[in-house]
Protein chains: 2
Amino acid sequence: MPENHLNNGNPNYKKLNDLYSIQMAKGQLYETIITTKNVNGFEKNLGNLKESDNLKSDDNDTNGSVNAAPIGVLCKNSKQIVLYLYEGTHTVNNIHHHDYFIVNITQNPIIFTKSTLEDLSDEYFEYYHEIPFLKDADAFFVCQVNKIKEITKNNDLGSSKMSIVTADVEEVVQLNSHAIPLNRGIYAVIESLIHYTRIELADNETRTSYWARINEMNRVVKKVGSLQEKEALEEIIKEIKENFKDLN
Amino acid sequence: MPENHLNNGNPNYKKLNDLYSIQMAKGQLYETIITTKNVNGFEKNLGNLKESDNLKSDDNDTNGSVNAAPIGVLCKNSKQIVLYLYEGTHTVNNIHHHDYFIVNITQNPIIFTKSTLEDLSDEYFEYYHEIPFLKDADAFFVCQVNKIKEITKNNDLGSSKMSIVTADVEEVVQLNSHAIPLNRGIYAVIESLIHYTRIELADNETRTSYWARINEMNRVVKKVGSLQEKEALEEIIKEIKENFKDLN
(Lines give C-alpha, C1' and ligand atoms only; values in the text may rest on other atoms or scores of the structure.)
Protein backbone atom coordinates (compact mmCIF):
# COMPACT_ATOMS: atom_id res chain seq x y z
CA MET A 1 0.00 0.00 0.00
CA PRO A 2 2.45 2.74 0.99
CA GLU A 3 4.90 1.46 -1.58
CA ASN A 4 2.41 1.93 -4.41
CA HIS A 5 1.72 5.37 -3.15
CA LEU A 6 5.42 6.22 -3.35
CA ASN A 7 5.76 4.78 -6.77
CA ASN A 8 2.74 6.56 -8.26
CA GLY A 9 3.62 9.83 -9.84
CA ASN A 10 7.23 9.89 -8.66
CA PRO A 11 9.46 9.26 -11.68
CA ASN A 12 12.53 9.18 -9.41
CA TYR A 13 11.24 6.40 -7.14
CA LYS A 14 13.70 3.52 -7.28
CA LYS A 15 14.78 0.67 -5.06
CA LEU A 16 18.55 0.61 -4.71
CA ASN A 17 20.97 -2.15 -3.75
CA ASP A 18 22.77 -0.81 -0.74
CA LEU A 19 24.23 2.24 0.99
CA TYR A 20 26.94 2.69 -1.62
CA SER A 21 24.16 3.27 -4.21
CA ILE A 22 23.19 6.47 -2.32
CA GLN A 23 26.81 7.67 -2.25
CA MET A 24 27.60 6.57 1.29
CA ALA A 25 31.15 5.35 1.91
CA LYS A 26 32.53 2.93 4.46
CA GLY A 27 33.77 4.56 7.66
CA GLN A 28 32.09 7.94 7.12
CA LEU A 29 29.48 9.46 9.40
CA TYR A 30 26.40 11.20 7.95
CA GLU A 31 23.86 13.65 9.38
CA THR A 32 20.44 12.05 8.95
CA ILE A 33 16.95 12.07 10.44
CA ILE A 34 15.87 8.80 12.08
CA THR A 35 12.13 8.16 12.23
CA THR A 36 10.54 5.68 14.65
CA LYS A 37 7.15 4.81 16.05
CA ASN A 38 6.82 5.92 19.66
CA VAL A 39 6.60 3.17 22.24
CA ASN A 40 4.21 5.15 24.38
CA GLY A 41 2.20 7.97 22.98
CA PHE A 42 1.62 9.55 26.38
CA GLU A 43 5.09 10.91 26.85
CA LYS A 44 5.24 12.15 23.29
CA ASN A 45 2.01 13.91 22.62
CA LEU A 46 -0.31 14.91 25.42
CA GLY A 47 -3.00 15.87 22.94
CA ASN A 48 -3.47 12.18 22.17
CA LEU A 49 -3.91 11.17 25.79
CA LYS A 50 -7.68 10.69 25.65
CA GLU A 51 -7.58 8.74 22.44
CA SER A 52 -4.88 6.44 23.78
CA ASP A 53 -6.90 5.79 26.92
CA ASN A 54 -9.54 4.18 24.78
CA LEU A 55 -7.22 1.80 22.97
CA LYS A 56 -7.41 -1.91 23.68
CA SER A 57 -4.65 -3.12 25.95
CA ASP A 58 -2.69 -5.00 23.29
CA ASP A 59 -2.42 -1.83 21.25
CA ASN A 60 -1.41 0.06 24.32
CA ASP A 61 2.28 0.28 23.55
CA THR A 62 1.74 2.81 20.81
CA ASN A 63 -0.88 5.38 19.97
CA GLY A 64 0.44 5.83 16.48
CA SER A 65 2.52 8.90 17.28
CA VAL A 66 5.90 9.10 15.61
CA ASN A 67 9.31 10.50 16.39
CA ALA A 68 11.93 12.17 14.17
CA ALA A 69 15.39 12.99 15.47
CA PRO A 70 18.61 14.24 13.86
CA ILE A 71 21.17 11.44 14.35
CA GLY A 72 24.67 10.75 13.04
CA VAL A 73 24.83 7.47 11.13
CA LEU A 74 28.13 5.64 10.62
CA CYS A 75 28.32 3.58 7.43
CA LYS A 76 29.98 0.33 8.60
CA ASN A 77 29.75 -1.37 5.22
CA SER A 78 27.37 -1.47 2.25
CA LYS A 79 24.62 -3.13 4.33
CA GLN A 80 25.26 -2.11 7.94
CA ILE A 81 25.24 1.05 10.01
CA VAL A 82 26.23 1.97 13.57
CA LEU A 83 24.52 4.54 15.81
CA TYR A 84 25.76 6.03 19.09
CA LEU A 85 22.64 6.97 21.07
CA TYR A 86 22.30 8.58 24.48
CA GLU A 87 20.05 6.66 26.89
CA GLY A 88 16.69 8.15 27.71
CA THR A 89 15.88 9.60 24.30
CA HIS A 90 12.76 8.62 22.37
CA THR A 91 14.84 7.24 19.52
CA VAL A 92 16.78 4.79 21.68
CA ASN A 93 13.64 3.62 23.52
CA ASN A 94 11.75 3.15 20.26
CA ILE A 95 14.60 1.27 18.60
CA HIS A 96 14.97 -1.02 21.64
CA HIS A 97 11.26 -1.78 21.49
CA HIS A 98 10.41 -2.02 17.79
CA ASP A 99 13.63 -3.39 16.31
CA TYR A 100 12.90 -1.59 13.01
CA PHE A 101 13.52 2.06 12.15
CA ILE A 102 14.06 4.24 9.07
CA VAL A 103 17.04 6.47 8.26
CA ASN A 104 16.03 9.47 6.12
CA ILE A 105 18.47 11.21 3.75
CA THR A 106 17.63 14.90 3.41
CA GLN A 107 19.32 18.29 3.23
CA ASN A 108 16.16 20.16 4.22
CA PRO A 109 17.21 22.74 6.86
CA ILE A 110 13.66 23.20 8.19
CA ILE A 111 13.33 19.47 8.95
CA PHE A 112 16.67 19.39 10.77
CA THR A 113 15.72 22.50 12.73
CA LYS A 114 12.15 21.56 13.64
CA SER A 115 13.12 18.01 14.67
CA THR A 116 15.81 19.46 16.98
CA LEU A 117 13.84 22.38 18.47
CA GLU A 118 10.42 20.76 18.75
CA ASP A 119 8.47 17.88 17.14
CA LEU A 120 7.60 17.44 13.50
CA SER A 121 3.85 17.49 12.94
CA ASP A 122 2.03 14.50 11.43
CA GLU A 123 1.94 15.89 7.90
CA TYR A 124 5.70 15.39 7.54
CA PHE A 125 5.33 11.59 7.71
CA GLU A 126 4.25 8.69 5.56
CA TYR A 127 4.58 4.96 6.26
CA TYR A 128 6.56 2.22 4.58
CA HIS A 129 5.56 -1.24 5.83
CA GLU A 130 4.14 0.50 8.90
CA ILE A 131 7.40 2.27 9.72
CA PRO A 132 7.27 6.09 9.53
CA PHE A 133 9.50 7.98 7.12
CA LEU A 134 9.73 11.60 5.94
CA LYS A 135 7.73 12.49 2.82
CA ASP A 136 10.31 15.13 1.89
CA ALA A 137 13.31 12.79 2.17
CA ASP A 138 15.52 12.41 -0.92
CA ALA A 139 16.04 8.75 0.00
CA PHE A 140 15.54 6.49 3.02
CA PHE A 141 16.53 3.04 4.21
CA VAL A 142 14.84 0.53 6.48
CA CYS A 143 17.03 -0.89 9.25
CA GLN A 144 16.67 -3.85 11.58
CA VAL A 145 18.61 -3.94 14.83
CA ASN A 146 21.40 -6.53 14.76
CA LYS A 147 22.89 -5.88 18.20
CA ILE A 148 22.91 -3.26 20.95
CA LYS A 149 25.83 -2.70 23.29
CA GLU A 150 25.47 -0.45 26.32
CA ILE A 151 28.44 1.61 27.41
CA THR A 152 29.24 4.43 29.81
CA LYS A 153 30.93 7.41 28.21
CA ASN A 154 32.93 9.87 30.26
CA ASN A 155 33.11 13.51 29.24
CA ASP A 156 33.59 17.01 30.65
CA LEU A 157 30.14 17.02 32.21
CA GLY A 158 30.42 13.64 33.95
CA SER A 159 29.45 10.27 32.56
CA SER A 160 26.49 9.23 30.43
CA LYS A 161 25.07 5.91 29.37
CA MET A 162 25.01 5.22 25.65
CA SER A 163 23.73 2.48 23.38
CA ILE A 164 25.86 1.44 20.42
CA VAL A 165 23.34 0.09 17.92
CA THR A 166 24.50 -2.01 14.96
CA ALA A 167 21.73 -2.43 12.40
CA ASP A 168 21.28 -4.26 9.09
CA VAL A 169 20.02 -2.32 6.09
CA GLU A 170 17.00 -4.18 4.71
CA GLU A 171 15.85 -1.89 1.88
CA VAL A 172 17.10 1.33 0.28
CA VAL A 173 14.57 3.59 -1.48
CA GLN A 174 15.41 6.62 -3.59
CA LEU A 175 12.76 9.36 -3.90
CA ASN A 176 14.91 11.99 -5.63
CA SER A 177 17.68 11.21 -8.09
CA HIS A 178 19.88 13.91 -6.53
CA ALA A 179 19.86 12.27 -3.10
CA ILE A 180 23.18 12.95 -1.37
CA PRO A 181 23.78 12.04 2.27
CA LEU A 182 24.98 14.98 4.35
CA ASN A 183 28.58 14.65 5.50
CA ARG A 184 30.43 17.46 7.29
CA GLY A 185 33.90 16.46 6.04
CA ILE A 186 34.23 18.68 2.98
CA TYR A 187 32.81 21.68 4.87
CA ALA A 188 35.42 21.23 7.58
CA VAL A 189 38.09 21.32 4.85
CA ILE A 190 36.60 24.47 3.26
CA GLU A 191 36.30 26.25 6.61
CA SER A 192 39.91 25.38 7.45
CA LEU A 193 41.08 26.73 4.09
CA ILE A 194 39.19 29.99 4.63
CA HIS A 195 40.94 30.41 8.01
CA TYR A 196 44.26 29.43 6.43
CA THR A 197 44.06 32.23 3.86
CA ARG A 198 43.35 34.78 6.61
CA ILE A 199 45.85 33.59 9.18
CA GLU A 200 48.79 35.48 7.69
CA LEU A 201 47.17 38.91 7.95
CA ALA A 202 45.61 38.29 11.34
CA ASP A 203 46.84 39.70 14.67
CA ASN A 204 48.05 37.22 17.30
CA GLU A 205 44.75 36.80 19.09
CA THR A 206 42.76 36.26 15.89
CA ARG A 207 45.43 33.87 14.62
CA THR A 208 45.13 31.79 17.77
CA SER A 209 41.35 31.62 17.35
CA TYR A 210 41.70 30.55 13.69
CA TRP A 211 44.17 27.90 14.76
CA ALA A 212 41.72 26.61 17.38
CA ARG A 213 38.98 26.39 14.73
CA ILE A 214 41.26 24.50 12.34
CA ASN A 215 42.07 22.00 15.10
CA GLU A 216 38.35 21.63 15.82
CA MET A 217 37.73 21.01 12.10
CA ASN A 218 40.49 18.39 12.19
CA ARG A 219 38.63 16.65 15.02
CA VAL A 220 35.41 16.75 12.93
CA VAL A 221 37.12 15.35 9.84
CA LYS A 222 38.71 12.52 11.84
CA LYS A 223 35.26 11.61 13.15
CA VAL A 224 33.13 11.92 10.02
CA GLY A 225 35.30 12.36 6.95
CA SER A 226 36.98 10.49 4.11
CA LEU A 227 40.66 9.58 3.85
CA GLN A 228 41.17 12.43 1.36
CA GLU A 229 39.55 14.93 3.73
CA LYS A 230 41.78 13.75 6.60
CA GLU A 231 44.81 14.09 4.29
CA ALA A 232 43.71 17.63 3.32
CA LEU A 233 43.51 18.72 6.98
CA GLU A 234 46.94 17.20 7.68
CA GLU A 235 48.39 19.24 4.79
CA ILE A 236 46.81 22.47 6.04
CA ILE A 237 48.04 21.89 9.60
CA LYS A 238 51.55 20.98 8.43
CA GLU A 239 51.73 24.14 6.30
CA ILE A 240 50.64 26.36 9.21
CA LYS A 241 53.06 24.73 11.66
CA GLU A 242 55.93 25.35 9.23
CA ASN A 243 55.02 29.01 8.82
CA PHE A 244 53.99 29.87 12.38
CA LYS A 245 56.34 28.17 14.80
CA ASP A 246 54.58 29.69 17.82
CA LEU A 247 51.37 27.76 17.11
CA ASN A 248 51.19 24.15 18.24
CA MET B 1 38.90 17.51 -30.07
CA PRO B 2 38.72 17.91 -26.30
CA GLU B 3 34.98 17.55 -26.46
CA ASN B 4 35.24 14.15 -28.16
CA HIS B 5 37.80 13.12 -25.63
CA LEU B 6 35.34 13.94 -22.82
CA ASN B 7 32.56 12.14 -24.50
CA ASN B 8 34.51 8.97 -25.19
CA GLY B 9 34.19 6.43 -22.48
CA ASN B 10 32.32 8.65 -20.03
CA PRO B 11 28.70 7.47 -19.90
CA ASN B 12 27.81 10.42 -17.65
CA TYR B 13 29.03 13.09 -20.09
CA LYS B 14 26.13 15.35 -20.92
CA LYS B 15 25.59 18.93 -22.01
CA LEU B 16 23.07 20.66 -19.77
CA ASN B 17 20.87 23.71 -20.29
CA ASP B 18 21.86 26.07 -17.54
CA LEU B 19 22.99 26.45 -13.92
CA TYR B 20 19.68 25.21 -12.53
CA SER B 21 20.36 21.86 -14.28
CA ILE B 22 23.35 21.36 -11.96
CA GLN B 23 21.26 22.19 -8.88
CA MET B 24 22.38 25.79 -8.50
CA ALA B 25 19.75 28.21 -7.23
CA LYS B 26 19.35 31.95 -7.77
CA GLY B 27 20.97 34.08 -5.07
CA GLN B 28 23.12 31.33 -3.54
CA LEU B 29 26.91 31.36 -3.41
CA TYR B 30 28.90 28.21 -4.18
CA GLU B 31 32.48 27.12 -3.45
CA THR B 32 34.08 26.31 -6.80
CA ILE B 33 37.46 26.14 -8.51
CA ILE B 34 37.96 28.64 -11.33
CA THR B 35 40.48 27.67 -14.00
CA THR B 36 42.11 30.19 -16.34
CA LYS B 37 45.03 30.44 -18.72
CA ASN B 38 47.79 32.57 -17.25
CA VAL B 39 48.41 35.89 -18.96
CA ASN B 40 52.11 35.76 -18.37
CA GLY B 41 53.93 32.57 -17.60
CA PHE B 42 56.85 34.41 -15.94
CA GLU B 43 55.07 35.31 -12.77
CA LYS B 44 53.45 31.93 -12.55
CA ASN B 45 56.19 29.44 -13.14
CA LEU B 46 59.82 30.47 -13.10
CA GLY B 47 60.82 27.11 -14.48
CA ASN B 48 59.28 28.12 -17.80
CA LEU B 49 61.20 31.37 -18.06
CA LYS B 50 63.65 30.20 -20.70
CA GLU B 51 61.03 28.60 -22.84
CA SER B 52 58.89 31.72 -22.76
CA ASP B 53 61.83 33.85 -23.81
CA ASN B 54 61.91 31.97 -27.04
CA LEU B 55 58.26 32.47 -27.95
CA LYS B 56 57.36 34.70 -30.84
CA SER B 57 56.07 38.06 -29.70
CA ASP B 58 52.44 37.43 -30.67
CA ASP B 59 52.41 34.35 -28.45
CA ASN B 60 54.03 36.30 -25.72
CA ASP B 61 50.92 36.81 -23.59
CA THR B 62 50.84 33.20 -22.48
CA ASN B 63 53.27 30.37 -22.07
CA GLY B 64 50.49 27.87 -21.76
CA SER B 65 50.62 27.65 -17.97
CA VAL B 66 47.29 27.48 -16.21
CA ASN B 67 45.83 28.67 -12.93
CA ALA B 68 43.28 27.09 -10.59
CA ALA B 69 41.88 29.00 -7.62
CA PRO B 70 39.10 28.34 -5.12
CA ILE B 71 36.50 31.08 -5.69
CA GLY B 72 32.98 31.76 -4.44
CA VAL B 73 30.50 31.97 -7.32
CA LEU B 74 27.15 33.71 -6.91
CA CYS B 75 24.37 32.33 -9.10
CA LYS B 76 22.65 35.50 -10.40
CA ASN B 77 20.17 33.64 -12.59
CA SER B 78 20.09 30.48 -14.71
CA LYS B 79 22.65 31.87 -17.18
CA GLN B 80 24.71 34.43 -15.23
CA ILE B 81 27.13 34.45 -12.31
CA VAL B 82 28.86 37.13 -10.27
CA LEU B 83 32.36 36.95 -8.77
CA TYR B 84 33.97 39.23 -6.18
CA LEU B 85 37.71 39.12 -6.84
CA TYR B 86 40.57 40.86 -5.05
CA GLU B 87 42.87 42.83 -7.33
CA GLY B 88 46.33 41.44 -8.00
CA THR B 89 45.43 37.76 -8.07
CA HIS B 90 46.15 35.57 -11.08
CA THR B 91 42.49 34.83 -11.56
CA VAL B 92 41.44 38.47 -11.85
CA ASN B 93 44.33 39.29 -14.20
CA ASN B 94 43.59 36.28 -16.38
CA ILE B 95 39.86 36.99 -16.53
CA HIS B 96 40.52 40.64 -17.45
CA HIS B 97 42.80 39.54 -20.26
CA HIS B 98 41.14 36.44 -21.74
CA ASP B 99 37.46 37.20 -21.26
CA TYR B 100 36.74 33.45 -20.98
CA PHE B 101 37.14 31.17 -17.96
CA ILE B 102 35.77 27.89 -16.60
CA VAL B 103 34.00 27.28 -13.29
CA ASN B 104 34.59 23.72 -12.02
CA ILE B 105 32.11 21.92 -9.73
CA THR B 106 33.89 19.49 -7.43
CA GLN B 107 33.87 18.29 -3.83
CA ASN B 108 37.42 16.93 -4.02
CA PRO B 109 39.18 18.11 -0.82
CA ILE B 110 42.68 17.58 -2.25
CA ILE B 111 41.95 19.90 -5.20
CA PHE B 112 40.60 22.63 -2.90
CA THR B 113 43.61 22.25 -0.60
CA LYS B 114 46.34 22.07 -3.25
CA SER B 115 44.92 25.01 -5.22
CA THR B 116 44.91 27.10 -2.01
CA LEU B 117 48.29 26.06 -0.57
CA GLU B 118 50.30 25.78 -3.77
CA ASP B 119 49.64 25.24 -7.51
CA LEU B 120 47.97 22.31 -9.17
CA SER B 121 50.34 20.43 -11.45
CA ASP B 122 49.62 20.06 -15.17
CA GLU B 123 48.14 16.57 -14.91
CA TYR B 124 45.05 17.97 -13.17
CA PHE B 125 44.00 19.85 -16.31
CA GLU B 126 42.39 19.23 -19.67
CA TYR B 127 41.15 21.74 -22.22
CA TYR B 128 37.73 22.55 -23.55
CA HIS B 129 37.86 24.89 -26.57
CA GLU B 130 41.36 25.87 -25.38
CA ILE B 131 40.17 26.86 -21.91
CA PRO B 132 41.58 24.76 -19.06
CA PHE B 133 39.27 22.78 -16.79
CA LEU B 134 39.78 20.14 -14.10
CA LYS B 135 39.72 16.50 -15.25
CA ASP B 136 38.32 15.42 -11.89
CA ALA B 137 35.45 17.95 -11.88
CA ASP B 138 31.90 16.57 -11.54
CA ALA B 139 30.71 19.31 -13.89
CA PHE B 140 31.99 22.60 -15.29
CA PHE B 141 30.69 25.61 -17.14
CA VAL B 142 32.29 28.01 -19.60
CA CYS B 143 31.82 31.71 -18.82
CA GLN B 144 32.33 34.87 -20.84
CA VAL B 145 32.82 38.19 -19.07
CA ASN B 146 29.82 40.48 -19.48
CA LYS B 147 31.01 43.41 -17.35
CA ILE B 148 33.61 44.25 -14.72
CA LYS B 149 33.10 46.90 -12.07
CA GLU B 150 35.98 48.01 -9.86
CA ILE B 151 35.25 48.96 -6.28
CA THR B 152 37.16 49.71 -3.09
CA LYS B 153 36.12 47.63 -0.12
CA ASN B 154 36.82 48.76 3.44
CA ASN B 155 37.44 46.20 6.14
CA ASP B 156 39.26 45.72 9.47
CA LEU B 157 42.64 45.65 7.78
CA GLY B 158 42.17 48.81 5.70
CA SER B 159 40.79 49.02 2.18
CA SER B 160 41.29 46.74 -0.81
CA LYS B 161 40.45 47.04 -4.47
CA MET B 162 38.07 44.46 -5.86
CA SER B 163 36.60 43.58 -9.22
CA ILE B 164 32.95 42.60 -9.42
CA VAL B 165 32.78 40.37 -12.49
CA THR B 166 29.42 39.56 -14.09
CA ALA B 167 29.73 36.72 -16.59
CA ASP B 168 27.42 34.89 -19.00
CA VAL B 169 27.29 31.10 -18.87
CA GLU B 170 27.94 29.80 -22.39
CA GLU B 171 27.96 26.02 -21.88
CA VAL B 172 27.33 23.64 -18.98
CA VAL B 173 28.94 20.19 -19.09
CA GLN B 174 28.24 17.32 -16.69
CA LEU B 175 30.98 14.73 -16.18
CA ASN B 176 29.42 12.88 -13.23
CA SER B 177 25.69 12.39 -12.75
CA HIS B 178 26.03 13.10 -9.00
CA ALA B 179 27.47 16.57 -9.56
CA ILE B 180 26.36 18.83 -6.71
CA PRO B 181 27.74 22.36 -6.29
CA LEU B 182 29.21 22.96 -2.84
CA ASN B 183 27.19 25.39 -0.72
CA ARG B 184 27.99 26.09 2.94
CA GLY B 185 24.39 26.92 3.94
CA ILE B 186 23.19 23.56 5.24
CA TYR B 187 26.49 23.01 7.05
CA ALA B 188 26.02 26.32 8.89
CA VAL B 189 22.54 25.15 9.94
CA ILE B 190 23.85 21.77 11.18
CA GLU B 191 26.69 23.38 13.11
CA SER B 192 24.28 25.82 14.74
CA LEU B 193 21.97 22.97 15.76
CA ILE B 194 24.88 21.05 17.31
CA HIS B 195 25.77 24.13 19.40
CA TYR B 196 22.10 24.66 20.25
CA THR B 197 21.77 21.17 21.77
CA ARG B 198 24.87 21.75 23.93
CA ILE B 199 24.13 25.31 25.02
CA GLU B 200 21.88 24.31 27.91
CA LEU B 201 24.50 22.19 29.68
CA ALA B 202 27.38 24.57 28.97
CA ASP B 203 28.96 26.94 31.52
CA ASN B 204 28.70 30.68 30.88
CA GLU B 205 31.95 31.03 29.00
CA THR B 206 31.31 28.06 26.71
CA ARG B 207 27.74 29.24 26.15
CA THR B 208 29.03 32.64 25.02
CA SER B 209 31.43 30.97 22.58
CA TYR B 210 28.63 28.77 21.15
CA TRP B 211 26.47 31.87 20.78
CA ALA B 212 29.28 33.64 18.90
CA ARG B 213 29.61 30.64 16.54
CA ILE B 214 25.87 30.58 15.90
CA ASN B 215 25.97 34.28 15.02
CA GLU B 216 28.92 33.63 12.70
CA MET B 217 26.95 30.80 11.05
CA ASN B 218 24.02 33.23 10.64
CA ARG B 219 26.38 35.59 8.81
CA VAL B 220 27.49 32.71 6.54
CA VAL B 221 23.91 31.65 5.78
CA LYS B 222 22.89 35.22 4.94
CA LYS B 223 25.78 35.41 2.49
CA VAL B 224 25.57 32.01 0.79
CA GLY B 225 22.38 30.21 1.77
CA SER B 226 18.82 29.57 0.69
CA LEU B 227 15.67 31.19 2.09
CA GLN B 228 14.93 28.02 4.07
CA GLU B 229 18.43 28.01 5.58
CA LYS B 230 18.06 31.67 6.57
CA GLU B 231 14.68 30.85 8.13
CA ALA B 232 16.22 27.91 10.03
CA LEU B 233 18.91 30.15 11.55
CA GLU B 234 16.29 32.74 12.53
CA GLU B 235 14.33 30.02 14.36
CA ILE B 236 17.41 28.79 16.22
CA ILE B 237 18.41 32.32 17.26
CA LYS B 238 14.86 33.17 18.36
CA GLU B 239 14.67 30.01 20.48
CA ILE B 240 17.99 30.76 22.19
CA LYS B 241 17.08 34.39 22.87
CA GLU B 242 13.84 33.27 24.51
CA ASN B 243 15.61 30.78 26.75
CA PHE B 244 18.76 32.74 27.59
CA LYS B 245 17.87 36.35 28.18
CA ASP B 246 21.47 37.29 28.97
CA LEU B 247 22.63 36.50 25.43
CA ASN B 248 22.01 39.12 22.77
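1. Chain A of this predicted model has eight helices and nine strands. Of its 248 residues, 52% count as buried. If you like to think in contact maps, take the contacts in chain A with a separation of 6 or more: residues 24 or more positions apart account for 72% of them.

2. Now to the place where the chains meet. On chain B, 34 residues are in contact with 34 residues of chain A. The area buried between the two chains is about 3,300 Å², and carbon and sulfur atoms give 69% of that area. Three residues are worth highlighting in your viewer: B:L117, B:I186 and B:Y187 supply 19% of the area that chain B buries against chain A, more than any other three residues.

3. On the polar side of the interface, the count between chain B and chain A is six residue pairs in polar contact, with both residues at pLDDT 80 or more. Which helices of chain B each supply at least two residues of the side that touches chain A? They are α5 (109-117), α6 (185-199) and α8 (227-243). The largest share, nine residues, comes from α6(B). By residue type, the side of chain B that touches chain A divides into 17 nonpolar, nine polar and eight charged residues.

4. A small example from the chain A side is A:E235, which sits in helix α8 (residues 227-243) of chain A. Leaving out residues up to four places away in sequence, A:E235 touches B:T113 and B:L117. The latter is one of the three residues picked out above for their share of the buried area. A:E235 is partly exposed, with a relative accessible area of 33%.

5. Salt bridges deserve a point of their own. Over all chains the count comes to eight, and between chain B and chain A the count is two. One that crosses between the chains pairs the side chains of B:R213 and A:E191, at 3.2 Å from N to O. A:E191 lies in helix α6 (residues 185-199) of chain A and B:R213 in helix α7 (residues 204-224) of chain B, so this pair joins two chains.

6. Are the two partners in that bridge buried or exposed? A:E191 is buried, with a relative accessible area of 3%. B:R213, at 13% relative accessibility, counts as buried too, because the cut-off for that class is under 20%. There is also a wider arrangement to look at here: salt bridges that share partners join A:E191, A:R213, B:E191 and B:R213 into one network.

7. Within chain A, the side chains of A:K15 and A:E171 meet in a salt bridge of 2.6 Å, N to O. A:K15 lies in strand β1 of chain A and A:E171 in strand β9 (residues 158-174), so the pair ties together parts that are 156 residues apart in sequence. Both ends are partly exposed: A:K15 has a relative accessible area of 43%, and A:E171 comes in at 21%.

8. Chain B has a salt bridge between B:E171 and B:K15, with the closest N and O atoms 2.5 Å apart. Here B:E171 lies in strand β9 (residues 158-174) and B:K15 in strand β1 (residues 14-16) of chain B, so the pair ties together parts that are 156 residues apart in sequence. B:E171 counts as partly exposed at 21% relative accessibility, and B:K15 does as well, at 42%.

9. One last residue for your attention is A:D18, found in the loop between β1 (14-16) and β2 (29-37) of chain A. A:D18 is buried yet has no salt bridge. How far away is the nearest side chain of opposite charge? That side chain belongs to A:K79, and the distance is 5.8 Å. No salt bridge is counted there because the rule asks for a nitrogen within 4 Å of a carboxyl oxygen.

10. What does the side chain of A:D18 have for polar company? A polar atom of this side chain lies 3.0 Å from the backbone nitrogen of A:Y20. In addition, a polar contact of 3.0 Å joins the side chains of A:D18 and A:S21. Setting aside residues up to four places away in sequence, A:D18 touches A:S78, A:K79 and A:V172.

Key: Residues numbered from 1 in each chain as written. Chains lettered and ligands numbered in written order. Predicted model: local features only at pLDDT ≥ 70, side-chain atom pairs only at ≥ 80, totals over all residues. Heavy atoms only, no water. Contact = heavy atoms within 4.5 Å. Buried area = accessible area lost by both parts, 1.4 Å probe. Polar contact = N/O pair within 3.5 Å; in protein donor to acceptor, adjacent residues only side chain to side chain. Helix = DSSP H or I, 4+ residues; strand = E, 2+ residues; numbered from the N terminus. Nonpolar A, V, L, I, M, F, W, Y, C, P; charged D, E, K, R; others polar. Buried < 20%, exposed > 50% of the residue type's maximum accessible area, 1.4 Å probe, protein only. Lys, Arg positive; Asp, Glu negative; His and termini not counted.
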